[in-house]
Amino acid sequence: MSCVFGRSHRRPWRNKGKPGTIRKDDETEPGDCVSLDQLVSAQPGLIPQMSGYLTNMRIWGATVFVDHVSDFVYVALMRDLTLDETLLAKTSFERLANDGGITIKSYRADNGRFADKGFI
């Protein structure tokens, strides 16, 4: 009986609708709007280094930036998930965008770390 009930609610794959987009109509140039989010690693990773004394510090997470128009993705690795590290990631992304001649006009994010006064 449960198999009949489960099959009766499934929709055929051709009728599920078209995939949506998060881009608005007024976003026409790269940098108009950038989405960002943070992820936390369950297993901290080693910090890459080419020379010098080995460190015991680890990478605990990352901030992911995605441009709506160009679909450019930038991932900034972070040693911890504090506001200071988040601002460093934002600064490095904006520096990379400025090197390419793009000015970031707005960000779209959830309320997590991005709702802090320092981020705005």
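Colleague: Which residue takes a positive phi in the hairpin of strand 2 and strand 3?

Modeller: That's Asp71, with a positive phi near 60°. Bear in mind that we're looking at a predicted model.

Colleague: Okay, and how many residues sit between the strands in that hairpin?

Modeller: The hairpin has 5 residues between strand 2 and strand 3. Strand 2 covers residues 58–67 and strand 3 covers residues 73–78.

Colleague: Do those two run parallel or antiparallel, and how many bridges join them?

Modeller: Antiparallel, with 6 bridges joining them. Val66, for instance, has Val73 as its bridge partner in strand 3. Val64 stands opposite Val75, also a strand 3 residue.

Colleague: What about strand 1, in which sense does that one pair with strand 2?

Modeller: Strand 1, residues 34–46, pairs with strand 2 in the antiparallel sense, over 9 bridges. One pair to look for is Val34 with its bridge partner Asp67 in strand 2.

Colleague: Back to Val73 for a sec. Which patch is it part of?

Modeller: A nonpolar patch on the surface, formed by Val73, Val75 and Leu77. Together they have about 270 Å² of accessible area.

Colleague: Why does Val73 count as partly exposed?

Modeller: Because its relative accessibility is 47%, and partly exposed covers the range between 20% and 50%. Val73 lies in strand 3, where it pairs with Val66.

Colleague: And in a regular strand, where do the side chains go?

Modeller: In a regular strand, they alternate between the two faces of the sheet.

Colleague: Let's zoom out. How many helices and strands does the chain have?

Modeller: There are 2 helices and 4 strands. Reading from the N terminus, the order is α-β-β-β-α-β.

Colleague: What share of the residues is buried?

Modeller: 22% of the chain's 120 residues count as buried. As for the surface, the chain exposes about 9200 Å², and carbon and sulfur atoms supply 56% of that area.

Colleague: Last one: what portion of the contacts comes from residues 24 or more positions apart?

Modeller: They account for 56% of the contacts in the chain, taking those with a separation of 6 or more.

Conventions: Residues are numbered from 1 along each chain as its sequence is written. This is a predicted model: local features need pLDDT of at least 70, side-chain atom pairs count only at pLDDT 80 or more; totals for chains, interfaces and linings use all residues. Side-chain values use heavy atoms; hydrogens and water are left out. Two strands pair if DSSP finds at least two bridges between them. Patches are made of residues with over 30% relative accessible area and no salt bridge: like charges are joined within 9 Å, nonpolar side chains (Val, Leu, Ile, Met, Phe, Trp, Tyr) within 5 Å. Accessible areas come from the Shrake-Rupley method with a 1.4 Å probe; for residues, only the protein chains shown count as cover. A salt bridge is a side-chain nitrogen of Lys or Arg within 4 Å of a carboxyl oxygen of Asp or Glu. Buried means under 20% relative accessible area, exposed over 50%, partly exposed in between (1.4 Å probe, protein chains only). Contact means heavy atoms within 4.5 Å.
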